[in-house]
Amino acid sequence: MLTKKQLDLLQFIHKRVQKDGVSPSFDEMKDALDLRSKSGIHRLITALEERGFLRRLPNKARAIEIMRLPDSMEPAGFRPSVIEGSRAAPPPDARHVQADAMELPVMGRIAAGTPIEAIQQVSHSVAVPGAMLSASGNHFALEVKGDSMIGAGINNGDIVVIREQATADNGDIVVALVEGQEATLKRLRRRGSAIALEAANPEYETRVYRDDQVRIQGRLVGLIRNY
């Protein structure tokens with residue numbers, strides 16, 4: 001359980017990273033939390049690191065990565081392993097399996113690591129709870145290959161549910177088509193006219209592309225895991 005100051009700092013860092021693509025300075029954190037010195041910020045960050053909510057990237061200025069968020073802060077789409085939301089009408093691309101589930105096509109495998117060849121054909125179908133699907137738009141599913149998104153709760157072999165859309169907000173986890181040939185599952189970060197595809201695993205580097213090299217194919221809305 002986090003203290004109020006720890007939660008306030010985590011929320012402030014998260015909002016700034018979502019907005020600017022870079023974490024705030026220690027002075028900005030100190031002012032935002034109305035603390036007298038930066039030593040208090042150091043203690044709060046250390047406590048958040050120990051609890052697994054964030055980590056400091058070595059040898060980089062103002063480099064703090066959010067690893068996870070408490071339930072009270074997590075935005076829609078950030079908790080892929082949890083099924084929740086209002087009941088939606090069946091989208092046009094899905095057919096009923098039972099009263100509260102739809103069957104979606106699994107469009108092959110998507111890389112959560114180094115990009116692989118673009119997904120092009122249906123491999124099989126999967127039953128998806130209707131609560132995962134929005135009332136409008138088409139949806140499809142992909143099997144995850146790789147471990148670069150484990151920090152976001154997405155493991156190798158998981159099935160991700162994707163809403164088809166050509167745009168996404170900064171910080172969304174998306175299916176991105178790179179240079180028209182390779183598809184990958186990553187967190188989207190906009191950096192001026194460039195697009196960064198960010199992993200959620202320190203073993204993988206963030207890849208930066210020109211805006212015209214990346215095409216968004218959909219946004220993560222849910223996740224299915226078999227045990």
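This passage describes the overall make-up of a predicted protein model, then one of its helices and a run of three strands.

The protein contains three helices and 13 strands. It has 227 residues, and 45% of them are buried. Contacts between residues at least 6 apart in sequence were examined for their range. Of these, 58% join residues at least 24 apart. The exposed area of the protein is about 12000 Å². Carbon and sulfur atoms supply 46% of that area.

Helix α3 spans residues 38-50. From the first C-alpha to the last, its 13 residues reach 19 Å. This is close to the 18 Å expected at 1.5 Å a residue. Six positions are listed as buried in the helix: Gly40, Ile41, Leu44, Ile45, Ala47 and Leu48. Viewed down the axis of α3, the buried residues fall within an arc of 160°, so they line one face of the helix. The general geometry of helices fits this pattern: with 3.6 residues a turn, residues three or four places apart in an α-helix point the same way. The face of α3 turned away from the buried side carries Arg43 and Glu50, which are exposed.

The buried residues of α3 pack against both helices and strands. The helical partners are α1 (4-20) and α2 (26-32). The strand partners are β1 (54-56) and β2 (64-66).

Backbone angles stand out on either side of α3. In the loop between α2 and α3 lies Asp34. Its phi is positive, about 60°, although Asp34 is not a glycine. Asp34 counts as exposed because its relative accessibility is 69%, above the 50% cut-off. After α3 comes Gly52, where phi is again positive, near 80°.

Strands β9, β10 and β11 are linked through β10. Strand β9 (residues 173-178) pairs with β10 in the antiparallel sense, over six bridges. Within this pairing, Thr184 of β10 stands opposite Ala176. The two strands form a hairpin with three residues between them. Glu179 sits in the loop between β9 and β10. Its phi is positive, near 55°, and Glu179 is not a glycine. Glu179 has a relative accessibility of 48% and therefore counts as partly exposed.

Strand β10 covers residues 182-191. The strand is mostly covered, with seven of its ten residues buried. Strand β10 also runs antiparallel to β11 (residues 194-198), and five bridges join the two. One bridge pairs Arg191 with Ala194 in β11. The hairpin of β10 and β11 has two residues between the strands. In that hairpin, Gly192 takes a positive phi near 65°.

Glu198 lies in strand β11. Is this acidic-named position, Glu198, buried or exposed? Glu198 is buried because its relative accessible area is 16%, under the 20% cut-off. The side chain of Glu198 makes a polar contact of 3.3 Å with the side chain of Arg189. Neighbours within four places in sequence aside, Glu198 is in contact with Met149, Lys186, Arg187, Arg189 and Thr206. Arg189 therefore appears both in the contact list and in the polar contact of Glu198.

Definitions and conventions:
Residues numbered from 1 in each chain as written. Predicted model: local features only at pLDDT ≥ 70, side-chain atom pairs only at ≥ 80, totals over all residues. Heavy atoms only, no water. Helix = DSSP H or I, 4+ residues; strand = E, 2+ residues; numbered from the N terminus. Buried < 20%, exposed > 50% of the residue type's maximum accessible area, 1.4 Å probe, protein only. Contact = heavy atoms within 4.5 Å. Areas by Shrake-Rupley, 256 points an atom, 1.4 Å probe, with all protein chains shown as cover. Pairing = 2+ DSSP bridges. Polar contact = N/O pair within 3.5 Å; in protein donor to acceptor, adjacent residues only side chain to side chain. Expected span 1.5 Å × (residues − 1). Arc of directions from axis to C-beta.
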